[in-house]
Amino acid sequence: MAAFTLKINGQAREVDVDPNTPLLWAIRDGAGLTGTKYGCGVAQCGACTVYVDGQTVRSCSMPVSAIGTSEITTIEGLDSKEAKAVQAAWVALDVPQCGYCQSGQVMSATALLSVNPTPTDNDIDLAMNGNICRCATYVRIRAAIHGAAKSLEG
Amino acid sequence: MTVHDTKLSRRTLLKGSAGLVLGAYVARADKLFAQAAAKPSVNIAPNTFLIIKPDSTVTVLCKGIEFGQGPFTGMATLVAEELDADWAQMRADHAPSNPQLYKNLAFGMQGTGGSTAIANSYIQMRQVGAAARQMLVAAAADAWQVPAGEITVDNGVIKHASGHEGRFGEFADKAMAMPVPADPKLKDPSQFRLIGKEGVVKRLDSADKTNGKAFYTLDINEPDMLTVVVARSPKFGGKVASFDATAAKAVAGVVDVKQVSNGVAVYAKGFWPAKMGREALKITWDDSKAEKRGSAELLQQFRGLSKTAGKLVKAEGKFEESMAKGGRVIEVEYVFPYLAHAAMEPLNAYLKWDGDTAYARYGCQFPTPDHMAISKVLGLPIEKVKIDVLLAGGSFGRRAQQSTHQAIELAEVAKAIGPGKPVKLVWTREDDMRGGYYRPYCIHRMRGAVRDGKIEAWSDTIVSQSIMKGSFFESMMFKDGLDPTSYEGSNEIPYDVENFRCDMHQVDVGVPVLWWRSVGHTHTGYVVEAFVDELLEAAGKDPIEGRLELLSKKPRHAGALKAVAELADWKNYKVPAGRARGVAVVESFNTFVAQVVELSMTDDGPKVHKVWCAVDCGVAVNPDIIRAQMEGGIGFGLGHILYAEQTLDAGAPVSGNFDTYRSLRINEMPEIEVVIVKSTEKPSGVGEPGVPPLGPAVANALAKLGVGRPRQLPIVPGASA
């Protein structure tokens, strides 16, 4: 065990875990933030997607010891205009079914719109194909990303 | 997904007993079911289903579990309709385990499955709403000293012409204490404001499922709670011979290690040390009773059996005589793999046991049998056990456990470490995927004859494991020793064929199997629709016209087919070069779904560009949820027929994660257009019926493209390990 101070959503959080503990479990069991989900543990499904210094990362596959002073953003800390547009579009289209993967979907979609405000279907495929949805809500995810992009055009 | 013989359900209800499920349990003197059986009337008491707060929000307690298919919104719609509530004041939550109050009327016990949520609640939950409305009006009439008949309720506002006006919250306490009207009057469908209307009802759970607030079992984090992972046998049926926990206990954060009947449990402060502790265990397994056959050996056995006649399920006309007359005779074999459900949230459950009482919280799909299992393992009276149902990250059948294996394991891990230590049992993705309870492996051997442009003979020999054998469903559901969920859809095809035969070999394999979204229809829908298409092709018929000619006694199949033909402009549409279209129509759970698929071939297998879908599910309660379930069912069906397979290596399941158990991803999702067939039939379910037609529609499109109908699934070989 070792103590780490993680900067999560702008707050310093002390976690006392083994250095090899994946960031996911430091966030969930250590910091008690449960919006970020466990789905596979091997960076295949994207349910655990968070931002580390603004970049999307599969938190299940990054050891907490590698984080250092980097800024971590989880679904609980999303507050950019892109995030708000994405979440509003998700609700408007009733995208979620079981909902378990959707934190990761929203994180990836927000990251996409932050760098590409007008994504094509192909851009969406490339940005979102690391996020599995077993309910297969993909049709609505795609439509909601286009909807969010449109709303951001203002 | 389970008890979908509606004749049985109806008969059961008419008899006024709580059902044959109960009968089986009562015979075992299981008190919980006996209590439910003793109270056969349909519960419509508003104070058991509704929480009306002073702020006038109305929370509907949902009998079934919400894992995506929309019962929260559905139940609230039914209540709000008759209550004349404003949709904005509606909320939903899960009802706790209590089969007297919250049994599924199709099952006689509390549980979700068989696409029954709306079907079994349509009248009941409307009655709850109507009764509550009547009681609120009576309470207001009493308070205002005016005749109840002069009071109106509109959008959550109670009004009287004298100027009195109030909302539900003001009268709730008084109203809920009143006697419940025995037969509250329901609206005529022409008066509906919410049921079947577009755009007025939004899902109640969307916002929380978009901002990380939705609360699942994995999110439970109580003080003093231990996270538990269990090391289970790599082969099904293996037992612990001996184990050494020295290294496991040395892992920082590991609190204890205990043997349970299913393996060795590691208790830790958090998931990661539990998992690390488990990896440090040294276990010797006793495989003397384990299943040791691999997939190749099963294929050989099943294939051999499929070439012999099985136990007769149904025969009409003279099949063999007709076959002997020749013509165009076709024999084909279809092989279906084991499939894991692989819901996004792997299995998990929480239990707090203090020696005298037990409190479980998890995404429990079958509360009644689970309740009894926990009470039995812990030696507690049932009234000392409480189960709260939580949202679950999908199920697709996996959480509907007639074996109650997870509840037993949960109670055992709590018992093994002793009272006063709350446990959260967590399955990893690998545990979930290698843990069995798969869609059964099966083979269908189809034989048929076409003469003079007509299908004269049809037979289907099925080789499959039984899903219900050995469970409490066996005694009520088996027919002549056979499991109907293995042949449902194959024994009664919708098409007029004079000489028909369906027979089955029910094979025992030591791999636990379970219902998997649409159950038998996952394979029977495929073979029936691929085979009729093949025979119609041999007969020189158009796939849709040819089907319609044979559907003289099946107007709802025909209706769905005509609707999808119109939606897809079947006759006039110009299929782009390099693409082809295929069609299929399947009834499952009393819902009729027809789909047209357009695809092309790529180096990575078929690429499905678009799916047109028509669904007839009777009265459409929530049209947008129906569309969502069709979209999801299509994606779920497509991912599995293209890519998914669980194989066995000397009895041990090979795929453990999504790297080898390939899931459909967004770039593989087709465009989808859905039309809901207008109907006044009673509502039926939509959670499962979107799945079955997709596979055969793909197969038929591939045949049209010249690739041929895939005989062994998945279609893309090597996608899985």
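Start by selecting B:Gly277 in this predicted model: leaving aside residues up to four places away in sequence, B:Gly277 touches B:Ala248, B:Val251, B:Val254, B:Val266 and B:Ala268. Colour those five partners and you will have the surroundings of the glycine in view. The residue itself sits in helix 10 of chain B, which covers residues 271–279. Is B:Gly277 buried or exposed? B:Gly277 has 28 C-beta neighbours inside 10 Å, so it counts as buried; the cut-off for that label is 20 or more. For a sense of scale, draw a distance from B:Gly277 to B:Val575: the C-alpha atoms are 58 Å apart, with the two positions 298 residues apart along the chain.

**The strands of chain B**

Now select residues 358–362 of chain B, which make up strand 15. Strand 15 of chain B is mostly covered, with four of its five residues buried. Next, add residues 348–353, strand 14 of chain B, and you will see an antiparallel pairing with strand 15 of chain B over four bridges. One pair to pick out is B:Lys352 with its bridge partner B:Tyr359 in strand 15 of chain B. Follow the chain from strand 14 of chain B to strand 15 of chain B and you trace a hairpin with four residues between the strands. Stop in the turn at B:Gly355, where phi is positive, at about 100 degrees.

What lies alongside strand 15 of chain B in the parallel sense? Select residues 385–389: this is strand 16 of chain B, joined to strand 15 of chain B by five bridges. Here B:Ala358 has B:Val385 as its bridge partner in strand 16 of chain B. To see how the chain gets from strand 15 of chain B to strand 16 of chain B, show helix 13 of chain B, residues 367–378; the path through this helix is a right-handed β-α-β crossover. While the side chains are on display, remember that in a regular strand they alternate between the two faces of the sheet.

**The domains of chain B**

Zoom out and colour chain B by its assigned domains: domain 1 (6–191), domain 2 (217–288 + 347–426) and domain 3 (295–339 + 437–704). Where domain 1 of chain B meets domain 2 of chain B, 17 residues of the former are in contact with 19 of the latter. On the domain 1 side, the largest share is three residues from helix 3 of chain B, residues 31–38. That side has seven nonpolar, seven polar and three charged residues.

Switch to pLDDT colouring for a moment. Chain B averages 94, and 94% of its residues score at least 70. Residues 1–29 of chain B have a pLDDT below 50, although the stretch has 59 contacts in the model beyond near neighbours in sequence. Where pLDDT is low, the predicted coordinates should not be read in detail.

**Over to chain A**

Select chain A and colour domain 1 (2–77) and domain 2 (81–153). Their centres, taken over C-alpha atoms, are 22 Å apart. The contact between them takes 13 residues from domain 1 of chain A and 11 from domain 2 of chain A. Strand 3 of chain A, residues 49–52, gives the largest share of the domain 1 side, three residues.

Last, bring both chains into view: 46 residues of chain A are in contact with 47 residues of chain B. On the chain A side, helix 5 of chain A supplies the largest share, four residues. This side has 25 nonpolar, 14 polar and seven charged residues. The predictor gives the complex an ipTM of 0.98 and a pTM of 0.95.

Methods
Residues numbered from 1 in each chain as written. Chains lettered and ligands numbered in written order. Predicted model: local features only at pLDDT ≥ 70, side-chain atom pairs only at ≥ 80, totals over all residues. Contact = placed C-beta atoms within 7 Å. Helix = DSSP H or I, 4+ residues; strand = E, 2+ residues; numbered from the N terminus. Nonpolar A, V, L, I, M, F, W, Y, C, P; charged D, E, K, R; others polar. pLDDT = per-residue confidence, 0-100. Buried ≥ 20, exposed ≤ 12 C-beta atoms within 10 Å, placed from the backbone. Pairing = 2+ DSSP bridges. Right-handed = clockwise from strand over helix to strand, strands pointing away. Domains from an automatic or database assignment.
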